[in-house]
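Biologist: Please take me through this model, one question at a time. I would like the terms explained as we go.

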Amino acid sequence: EPQFKNKIVGENDITLQCVDQIYGVYDEKKKLLTGQLRKYPEKLIIYCKDLRVFNFCLRYTKEEEVKRIVSGIVHHSQTPKLLKRLFLFSYASAAPNNTDGRNQTVMFETLEDWRDELERTKGNVKYKAVTTNEGYRVSEKLPLYFVVPICISEESILKYEGRGIPIWCWSCHNGAALLKMSAFPKEQDDSTSQMQKAFLDGISKTISKPPYELLKMDDLSSSLPSLQDIQTAYTRFKQLFLIDNSTDFWATDVKWFSLLESTNWLEIIRRVLKKAIEVAECLEIQHTNVLLIEESATDLCCVISSLVQVMMDSYSRTKSGFQSLIQKEWVIGGHGFLDRCNHLHKSEKEEAPVFLLLLNCVWQLVQQYPPAFEFTETYLTVLSDSLYVPIFSTFFFNSQHQRDTNKSGESLKTQSGPFRFLTVWDWSVQFDPKALAFLNNPLYAEKPKPERSQRKTARFKHQRQLSLPLTPAKPSTKRGFFREETDHLIKNILGKRIGKFINSSDEPHNSLREFYDSWHSKPVDYHGLLLPRIDGPEIKVWAQRYLRWIPEAQLHGGGTIATAAKILDLMEEVQSLQVKMDEEHSQAVSGDVHSVPMLRNSARLSSLFPFALLQRQSVKPALPTSTWKDLEDEDDLVKRDDEFVDLSGDML
C-alpha cells in the first residue's frame, strides 16, 4: 500500500472541480465533449487539473448506461452551477468538530492578528490596523481588518470604497514597507478623473513626508504580463503533460524544448521573479517604500508581495509562516479563487492560474535553496492539488465577505446554524502522520545560535558552491540579461506624479544588475535575503508536479526522492539509536515514539514517488514514430505499457 496516501481523494478519485476537459473517442478520433451530446463515444478521456489522465472504455457498456454516465459527468463537471451547490456545503454540514484547524497558522481574521503582524515586522510605528470596514461598510472586496499608514484618515478610506488607499503588506527590517493599492478605472469622465487625481495627489503628499521613506510606484498591469497572457501560456504549457499514451509522449519528445519555449510559461515565471528582485532591491538597498498598483490589487499584487516576503523574511519560509502569508495576502486579501479557478464554470474569461504561478515561482526558490525552507516541493505539490478538493473553504471563495455571508444559514435542511468550514492548513484531514513526514524538509537549516554563526556560515558556503552551475561564478554584465523592459509605471493610469517620486526610468540601468551580481558573489545566508537565479537555464520545469503521472518520464532510483529516502532512513536509524540509549539509561519516555516512515530499498523508487507506484518504463521506439503508430495494436507492445511493479518488486 502506498505510504503517501490522501485520506480524502483516493488514487482513482476525481473531484468535480478537478475535471479540466472531457474528450470522447469516435472511430479513433478525439472530440471535446460539452453540453448536449447527439452521439455517445466508445471511449472517454478525462483530463484533470492536477495533470492526471483517465481513459475509460465504453465499447462493451450498454448504450443507456453510456448515455447516463457520459451525460452525468459532462453535466456535473462542465456546466455552470450555483455556489451553494458545491460539495463544500454538503460536507460542511456534516464536518467533524474535532479538527485541529489552524496548526499555528495565523488566519488574519481578527484585529489582534494584524496588530501582532505589525509588531513582528516592527511596522507599528508608522502603520495602524483599522476597523473601518467592520460590517463591510467600506467595500465587500476588502477584508474586515487591514493596515494603512497612520496618517490616512477614515474619511479617505470611505471616500472611494477603499480605492486609491495604500494598504500595508509588510515592513522590511530597515523600515521600508511594501504597500498595494487598487487603481481607479481608466475610462471615466473628466470631472471624475480630476477629482480622483486630486485625491491621489493628497494621499501621495501625506505618505511622502517623514517619517515615511521615499515612495516608488509600480503599475503591475504595465510591467507584467496580463492575466489573459498568463492563462494562454499555462493552457499551452499544461498540454505538454496531458499525455494519453506512450506513443504521444515519444512523438513530442523530439521537439520537447521548442514546444516548451513556445508556451512562454517559463518566461512569465522569469519575469515575475525579476520583478520581485526589483522590489527587493528598492526595499533593501534604496530604503524606499514600494507601492504596487493593480486594478483590484488582488491578483499580481498578491504574487509579487508574497514572493518578496518569501525572499526577504525567513519566517515566510517556515511552514506556518508560509501558510500565514497565503492567508494574509490571498485568502483574506481577497484573491478571487472562485473565479480564477473557475470552480462554478460561469466564465472562462475570468479564469487564470495566478495562485499556481506563485507556487511555481516559490518552487524555483525551494529547488535552488533547499536548506532555506522548512517545507518540501511535495508540500507545494499537495498544496496545488488542494485547490481542487472541495471540502476546504480556503480556496473556494472570492473574498472574506463572500465566505462570511455564506457561512450562516440552513445546512441543506439537515441542520440550522453556521457551516463548519474546514481550512486546508489542517493537513491531518488529508494525510496521516507517516505521509505528513514528506511535507517537512529534513535538511532545513534552523536558525543558528549566535555563538555558532561563523561555523554555520562556512558550511553553508561549501553547500552553495556545490550547487552552482558549471559557469563562471559572476555572470557577464551584459545588459541583455534582464532584457530591460520599458517601465511605464503610474503615469499611464494616474497622470503626472509628484517630482520627488522615484521612477525606475531615473534609476541607473545597471543598479539592479549590480545588486543581483553582488548578492550572488557572496555566501548564502539561509535566514536572510534570498535572490533567485534567473538566467535562462536556471528557470526549470516543476518536474514533480507536472511529470509525476507520466511513467515514461520517470528516473529509476533517481530524482529528489532518492536523496530524501536515504536521509529519512538515516533519521529513523538515529531516532531508534536514541530510543535504545534512553532505555539503557532508564530515561525512556512512556508511550510510542514517533518516527519517520521507513523507506527501504530506495533504489527501487523512482522520481514518480511518492505520488505513484514504480512503473516499468516504456522503451523509446527505435523506429520512426509513424511506423511505431502502425504497430500500436500489437499485443506485446501494449502489454509493455501495462506492467506495474510495486515497491517490493513483485509483479501486480
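Modeller: Gladly: a residue is buried under 20% relative accessible area, exposed over 50% and partly exposed in between, with a 1.4 Å probe and protein chains only. Helices (H or I, at least four residues) and strands (E, at least two) are DSSP runs numbered from the N terminus. This is a predicted model, where local features need pLDDT of at least 70 and side-chain atom pairs count only at pLDDT 80 or more, while totals for chains, interfaces and linings use all residues. Residues are numbered from 1 along each chain as its sequence is written, and side-chain values use heavy atoms, leaving out hydrogens and water.

Biologist: Which residues of helix 15 are buried?

Modeller: Helix 15 spans residues 377-385 and is mostly covered. Nine of its nine residues are buried. They are E377, T378, Y379, L380, T381, V382, L383, S384 and D385.

Biologist: What percentage of the 652 residues in the protein chain is buried?

Modeller: The protein chain folds into 24 helices and 10 strands. Of its 652 residues, the buried part is 52%.

Biologist: Which helix gives the largest share of the largest nonpolar core?

Modeller: A nonpolar core is a set of buried Ala, Val, Leu, Ile, Met, Phe, Trp, Tyr and Cys residues joined through side-chain atoms within 4.5 Å. The largest one has 141 residues, and W265, L307, F322, F355, L380 and F395 have the most contacts inside it. The largest share, 12 residues, comes from residues 265-284, that is, helix 10.

Biologist: And what does W265 touch?

Modeller: Contact means heavy atoms within 4.5 Å, and residues up to four places away in sequence are not counted here. On that basis, the partners of W265 are I230, A233, Y234, F237, P353, L357, N360 and Y546.

Biologist: Why is the pair of F4 and F611 edge-to-face?

Modeller: Rings of Phe, Tyr and Trp (its six-membered ring) pair if their centres lie within 6.5 Å; planes under 30 degrees apart count as stacked, over 60 as edge-to-face and the rest as tilted. The search of the whole structure finds 40 such aromatic pairs. For F4 and F611 the centres are 5.4 Å apart, and the pair is edge-to-face because the planes are at 75 degrees.

Biologist: How many residues apart are F4 and F611?

Modeller: Both F4 and F611 are buried. F4 is in the segment before strand 1 (19-26), and F611 is in the loop between helix 22 (560-584) and helix 23 (625-630). The pair thus links distant parts of the chain, with a separation in residues of 607.

Biologist: Which residue has its charged end over the ring of F611?

Modeller: A charge sits over a ring if NZ of Lys or CZ of Arg is within 6 Å of the ring centre and within 35 degrees of the ring normal. For F611, the charged end is 4.7 Å from the ring centre and belongs to R548.

Biologist: Which are the edge strands of the open sheet?

Modeller: Two strands pair if DSSP finds at least two bridges between them. The open sheet has four strands in the order 7-8-10-9, with mixed pairing. Four bridges join strand 7 to strand 8 (residues 177-182), and these two run antiparallel. Pairing on one side only are strand 7 (167-171) and strand 9 (215-219).

Biologist: Finally, is N133 buried or exposed?

Modeller: N133 lies in the loop between strand 5 (127-130) and strand 6 (146-149). It touches V138, S139, L142, P143, L144 and F146, not counting residues up to four places away in sequence. With a relative accessible area of 0%, N133 is buried.
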